[in-house]
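Grab a pencil and work through a few short exercises on the structure below. Try each task yourself before you read the solution.

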Amino acid sequence: MSTQKKPKNGKVTVLPNGQSSNEELLEIRKEYFLPTAALYYKNPIQLKKAKGNYVYDEKGTEYLDAIGGIVCNSAGHNHPKIQEALLEMIKNDEIQHTTMLYLNHHATDLAKKIVSEAPDGIDRCSFTNSGSEANELAITAARHATGETMVVNLRHGYHGGTSGVLSSCGQHTWRFRSQPTASVTSALEPYCYRCPFGKAPTNCSLECAKNVETTIQTSTHGKIAAFIAEPVMGIGGVITPPQEYFPEVTKIVHKYGGKYISDEVQTGAGRCGSTFLLTKDLGIDADMVTMAKGFGNGAPIGAVLMKSEIAESLSGKLYFNTFGGDPYQTMQALKTMEIIEEENLIENAMVMGKYLLDTLKELMKKHEIIGDVRGRGLLIGIELVKDRKTKEHATKECAELMELCKDRGLLIGKGGLAGNVIRLAPALSINKKQIDFIIQVLDESLKVLSQNKPQSKKQ
Ligand SMILES: Cc1ncc(COP(=O)(O)O)c(C=O)c1O
């Protein structure tokens, strides 16, 4: 008897050899998933296979993955060393799931390695399944250690999809009506291209950093539990605060008794082409650093790294996470770290990131719609505007550009409060030829977009 579920509309969906048409998948998603499950593209693609920087749909069409499975692909899809290690574990009947209630060397191997990459003073860690959970734990730890509740976050920031951290999300699109916002307050964004103080980097006196202090003074009782921020605000549109912002803010956070949580879910694992954790390169005296995404190269793993004094304050309490620190995930994260080292991927991210950014700046001279290009290493944003003077968000155009690129074999991402920022975050192993392809497709697609412009205005 078929175990096939009958769709609610009565049509039976037959899946020969595990194959499904896009139409079938769309129909089932529509019927069974929550409407919150968004899709990229008007005609979404079905991804079946992947290798290195390339992914393949059900017909075998090849795409260069320049968003890296949403910033998760650091060592490259299906890296042979990861494949080999996973197969070896399966062949040896290694236990898949243990929990931290038992001893297992994969989690301890990873703990030693990740702490060796942490900024000075950070020497303890805990593993989770995701970035959201890592941030939840960091905030819980900060509140416990300080005995305070208030968390200061940044407008336009993103720290995950679970209830607690969603209340620290600075973008309405991700929040829900039920969102609790107690004990959370937001400072203004360090967004140089759209400075909320009307300044430019050349004439400002870091009003954005000072605003963290004003926020604490005006919307807390004068003491805080934590400040949470991404060193580069990825989903917010690759907002890249000036380097001087960080030491200034760290001083303020510590002055008011708070713990600095550096959310490196996107920027970590060498993505920014400097140190394994950008926090270290930026000289942020963070009390905690959170990670996920590229840390596991696609495996569901997150981590919180923290100073001993915070870890010690948790003594006597229990934190249990059923899958956190499981053998396969921790093995994959460790392998990913080894590959990043062995293949000099951080240096490659620096060199290729610079090449990509410089070439995009050239492209900007040809295409008026590009208002700004920015980023660090291989975390890059291209902000599209209808008019460079008014900086009106080119939201529709951004979505169209994604479609045009997809039709030409290139997958890119988007972000920003208005959805007008193209995000690029390929695997750290990307080469010059692949970057030239990204530029060529963007150039071609931007040309088509500008030719379509009068038509789309009439609509
Ligand atoms: C900066 C940042 N923090 C946290 C998260 C949440 O991570 P996850 O989706 O693994 O829960 C994300 C996800 O995009 C992120 O970009």
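Exercise 1. Find the parallel partner of strand S8 and name one bridge pair.

Solution. Start with the pairing: strand S8 (residues 259–263) runs parallel to strand S9 (residues 288–291), and three bridges join them. Then pick a pair: Asp263 has Thr290 in S9 as its bridge partner. As for the wording, strands are DSSP runs of E with at least two residues, helices are runs of H or I with at least four, both numbered from the N terminus, and two strands pair if DSSP finds at least two bridges between them.

Before you go on, note that this is a predicted model, where local features need pLDDT of at least 70 and side-chain atom pairs count only at pLDDT 80 or more, while totals for chains, interfaces and linings use all residues. Residues are numbered from 1 along each chain as its sequence is written.

Exercise 2. Place S8 and S9 in their sheet and work out why S4 and S6 have one side without a neighbour.

Solution. First write down the order, S4-S10-S9-S8-S7-S5-S6: that's an open sheet of seven strands with mixed pairing. Next look at the ends: strand S4 (122–128) and strand S6 (184–187) are the edges and have a single partner strand each, so one side of each has no neighbour in the sheet.

Exercise 3. Which helix lies across S4 and strand S10, and which residues does this helix use to meet H11?

Solution. Step one: helix H4 (residues 105–116) lies across S4 and strand S10 (302–307), at about 135° to S4. Angles run from 0 to 180 degrees between N-to-C directions, with axes fitted to C-alpha atoms, for helices over the stretch in contact. Step two: the axes of H4 and helix H11 (residues 327–342) come within 8 Å and cross at roughly 35°. Step three: from H4, His106, Ala107, Asp109, Leu110 and Lys113 meet residues of H11, including Pro327 and Leu334. Contact here means C-beta atoms, placed from the backbone, within 7 Å.

Exercise 4. Describe the sheet that contains S11 and S12.

Solution. Begin with the order, S11-S12-S15-S14: these four strands form an open sheet with antiparallel pairing. Its edges are strand S11 (370–376) and strand S14 (413–415), each paired on one side only. Now zoom in: six bridges join S11 to strand S12 (residues 379–384), and Gly375 has Ile380 in S12 as its bridge partner. Finally, add the helix: H12 (residues 345–366) lies across S11, S12 and strand S15 (421–424), at about 170° to S11.

Conventions:
Contact = placed C-beta atoms within 7 Å.
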